Amino acid sequence: MKKVVSRPQPTDLRLRRTRRALREGLLTLIRARPLDDITVRDIASQSLVGYNTFFRHYATKTELIEEIVLEEIQQLFERALPAIGGADTRKASLAICEYVDEHRELWSALLGEGAAPALRRMFISRALSGNVRLPEHQWLPMELGAIFGVGATLDILGWWVTKSDGYTASQAAELLDRLVLAPALKTS
C-alpha cells in the first residue's frame with residue numbers, strides 16, 4: 001500500500017492564501033464538471049493564480065486533491081474517534097454522516113469521480129496508522145478488517161451523497177452503524 005506523506009502547512013500568509021485559493025478553485029470546478037476533466041491550467045485560472053505558481057505549491061493536480069482528501073479524513077476521524085473510543089458506534093456514525101452532509105458537494109465529488117481511489121487508500125492508511133484502536137479478532141486480520149470497514153463506509157457514503165433521495169444524515173448513520181461500525185468494532 002502506498003504511504004501518503006503530508007506536506008507541512010506553510011506559515012507565510014501569502015503562501016497560505018495562494019494554497020487556499022487553489023483549493024477553493026478546484027472545489028468550485030469540481031461542482032461544475034468531473035474531476036478528470038479539470039486541468040492544472042483550469043485550477044490556476046479559476047483561482048486567479050498563475051499557472052507556474054501552481055507548481056510552486058503542488059507537483060500535480062493529484063497532490064492538491066490528496067491534500068484535500070487528507071484534510072477531510074482528518075475531520076472525519078476527529079469527529080468519530082471520541083465516540084468510537086467510548087464504544088458508541090451510533091454516535092460515531094452520526095458524527096460522520098453529519099459532517100459529510102455539511103460538505104455534501106465536496107464528498108459527492110470525492111466519492112463519485114477520480115478522487116475515490118486516493119480517498120480509499122488514504123482512509124485505510126489512516127485507519128491502520130495506530131492512532132485508531134481497532135478491535136482484534138482471532139479470525140480476521142486487522143488490515144483486512146480496515147480495508148473492508150473503510151470500503152463499506154465509503155460505499156455507503158457514496159451511495160447516500162450521490163444517489164439516495166430523501167435519506168437524512170440520521171438515516172444514513174443508522175445504515176452505516178448497523179452495516180459497518182457496530183459489527184466491525186464488536187470485539188467478540
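# Salt bridges, a bent helix and its neighbours

Q: How many salt bridges does the count come to?
A: This is a predicted model, in which local features need pLDDT of at least 70 and side-chain atom pairs count only at pLDDT 80 or more, while totals for chains, interfaces and linings use all residues. Residues are numbered from 1 along each chain as its sequence is written, and side-chain values rest on heavy atoms, with hydrogens and water left out. If a salt bridge is taken as a side-chain nitrogen of Lys or Arg within 4 Å of a carboxyl oxygen of Asp or Glu, the count comes to eight.

Q: With which residue does E71 form a salt bridge at 2.0 Å?
A: Side chains of opposite charge can pair when their charged atoms come close. In the pair that contains E71, the closest N and O atoms are 2.0 Å apart, and the partner is R23. The pair links distant parts of the chain, 48 residues apart, with E71 in helix α4 (residues 61-85) and, in helix α1 (residues 13-32), R23.

Q: Is R23 buried or exposed?
A: The terms depend on relative accessible area, with buried meaning under 20%, exposed over 50% and partly exposed in between (1.4 Å probe, protein chains only). E71 has 28% relative accessibility and therefore counts as partly exposed. Because the relative accessible area of R23 is 16%, this residue is buried.

Q: Which residues are linked with E71 in a network of salt bridges?
A: E71 forms a salt bridge with R23. The network also takes in a further residue, so that E71 is linked with R23 and E72.

Q: Which residue meets D155 in a salt bridge?
A: The side chains that meet, at 3.0 Å from N to O, are those of D155 and R120. This pair also links distant parts of the chain, since D155 lies in helix α8 and R120 in helix α7 (residues 116-127), 35 residues apart. D155 is partly exposed because its relative accessibility is 47%, and partly exposed as well, at 31%, is its partner, R120.

Q: Where does helix α9 bend?
A: Helices here are DSSP runs (H or I, at least four residues), numbered from the N terminus, and α9 covers residues 169-185. Its 17 residues have end C-alpha atoms only 21 Å apart, short of the 24 Å that a straight helix would reach at 1.5 Å a residue, the expected span being 1.5 Å times one less than the number of residues. With the bend taken as the angle between axes fitted to the seven residues ending at a residue and the seven starting there, α9 bends by about 50° at D177.

Q: Which helices are included in what covers the buried residues of α9?
A: Among the buried residues of α9 are A173, L176, D177, V180 and L181. Contact means heavy atoms within 4.5 Å, and, leaving aside neighbours within four places in sequence, S93 of helix α5 (residues 89-102) is in contact with A173, L176, D177 and L181. T153, found in helix α8 (residues 142-162), touches L176 and V180, not counting residues up to four places away in sequence. What covers the buried residues thus includes α5 and α8.

Q: What is the relative accessible area of S93?
A: T153 counts as buried because its relative accessibility is 6%. S93 is likewise buried, since its relative accessible area is 0%.

Notes
Helices (H or I, at least four residues) and strands (E, at least two) are DSSP runs, numbered from the N terminus.
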